[in-house]
Amino acid sequence: MDVLISPVTAADVEAIAALARVVWQHTYPGIISQQQIDFMLAQRYQPPRMREELTMADIWWDQLTLDGQLAGFVSCLLSGQPGEMKLDKLYVDPQRQRMGIGARLVDHVVARALAVGCQTLILAVNKTNQQAIAAYRKQGFAIRESVCVDIGGGFVMDDFIMARTLPERAAGS
Ligand SMILES: CC(C)(COP(=O)(O)OP(=O)(O)OC[C@H]1O[C@@H](n2cnc3c(N)ncnc32)[C@H](O)[C@@H]1OP(=O)(O)O)[C@@H](O)C(=O)NCCC(=O)NCCS
């Protein structure tokens with residue numbers, strides 16, 4: 001099977017947004033309300049907003065394809081704290097989960113974080129998203145703090161912030 005990780009382009013954003021809806025509908029009922037799912041998808045996956053993010057120097061979107069078929073995507077950004085990158089989105093097609101795709105996308109973000117001189121990778125995950133928390137623990141993340149963030153529309157994100165300290169880059173690498 002041909003596995004490729006490549007940058008998301010402007011031509012890909014509709015397919016990414018469609019996959020996001022599939023994964024969210026598979027994952028979040030029971031964790032957050034349908035109203036909140038719809039609100040957050042509209043907030044984060046509007047093609048014009050995604051295209052704008054693609055032009056920004058401190059945000060990266062990447063996609064993973066299996067034999068040319070979109071199977072997952074990831075985005076990361078500089079958090080604003082020195083030496084810290086945030087893994088902002090990580091979504092794998094429900095039909096393709098537990099195949100190592102999430103781990104490969106995290107490895108990709110770790111390499112990018114190291115390449116831009118970051119020592120810490122953080123993320124926010126819903127406190128009851130046990131599947132993702134398990135996957136992140138396996139990837140070396142640990143819970144750093146508990147937050148509850150107002151995201152507008154009468155909704156909050158009740159999250160754990162997880163963090164992973166990255167290895168120092170070897171000299172010359
Ligand atoms: C969380 C997610 C990105 C993980 O991606 P994935 O491709 O399924 O994960 P991997 O196959 O790389 O799994 C790596 C390891 O994480 C752990 N893991 C992954 N999913 C797990 C689950 N459902 N339950 C327990 N452990 C899990 C396992 O240890 C796994 O290794 P193993 O399969 O050899 O036991 C994916 O399940 C997903 O898209 N979930 C829905 C969306 C989501 O919650 N995203 C995160 C938002 S913060």
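Guide: A polar contact is a pair of N or O atoms within 3.5 Å. The model discussed here is predicted.

Visitor: How far is an oxygen atom of the ligand from a polar backbone atom of Met99?
Guide: The cut-off for a polar contact is 3.5 Å between N or O atoms. The pair made by a ligand oxygen and a polar backbone atom of Met99 falls within it, at 3.2 Å.

Visitor: Which residue has a side-chain N or O atom 2.8 Å from an oxygen atom of the ligand?
Guide: Leu90 offers a polar backbone atom, 2.9 Å from a ligand nitrogen. The side-chain N or O atom, 2.8 Å from a ligand oxygen, belongs to Asn129.

Visitor: How much of the ligand's accessible area does the protein cover?
Guide: The ligand sits in the largest pocket. On its own the ligand has 910 Å² of accessible area, and the share covered by the protein is 80%.

Visitor: Which helix gives the most residues to the shell around the ligand?
Guide: Helix 1 (13–27), strand 4 (84–92), helix 4 (101–115), strand 5 (120–126) and helix 5 (130–138) each supply at least two. With six residues, the top contributor is helix 5.

Visitor: How many residues of the shell are nonpolar?
Guide: The shell has 22 residues, and Val92, Gly100, Gly102, Asn129 and Gln131 come nearest to the ligand. Six are polar and two charged, while the nonpolar ones number 14.

Visitor: Is Thr27 buried or exposed?
Guide: Thr27 is found in helix 1, and its side chain reaches the backbone oxygen of Val23 at 2.7 Å. Buried means under 20% relative accessible area. Thr27 has 17%, so it is buried.

Note on methods
Residues numbered from 1 in each chain as written. Predicted model: local features only at pLDDT ≥ 70, side-chain atom pairs only at ≥ 80, totals over all residues. Heavy atoms only, no water. Near = heavy atom within 4 Å. Polar contact = N/O pair within 3.5 Å; in protein donor to acceptor, adjacent residues only side chain to side chain. Areas by Shrake-Rupley, 256 points an atom, 1.4 Å probe, with all protein chains shown as cover. 1 Å grid on protein atoms, 1.4 Å probe; cavity = no way out; pocket = protein on both sides within 12 Å on 5 of 7 lines; lining within 4 Å. Sits in = over half its atoms within 2 Å of the grid points. Helix = DSSP H or I, 4+ residues; strand = E, 2+ residues; numbered from the N terminus. Nonpolar A, V, L, I, M, F, W, Y, C, P; charged D, E, K, R; others polar. Buried < 20%, exposed > 50% of the residue type's maximum accessible area, 1.4 Å probe, protein only.
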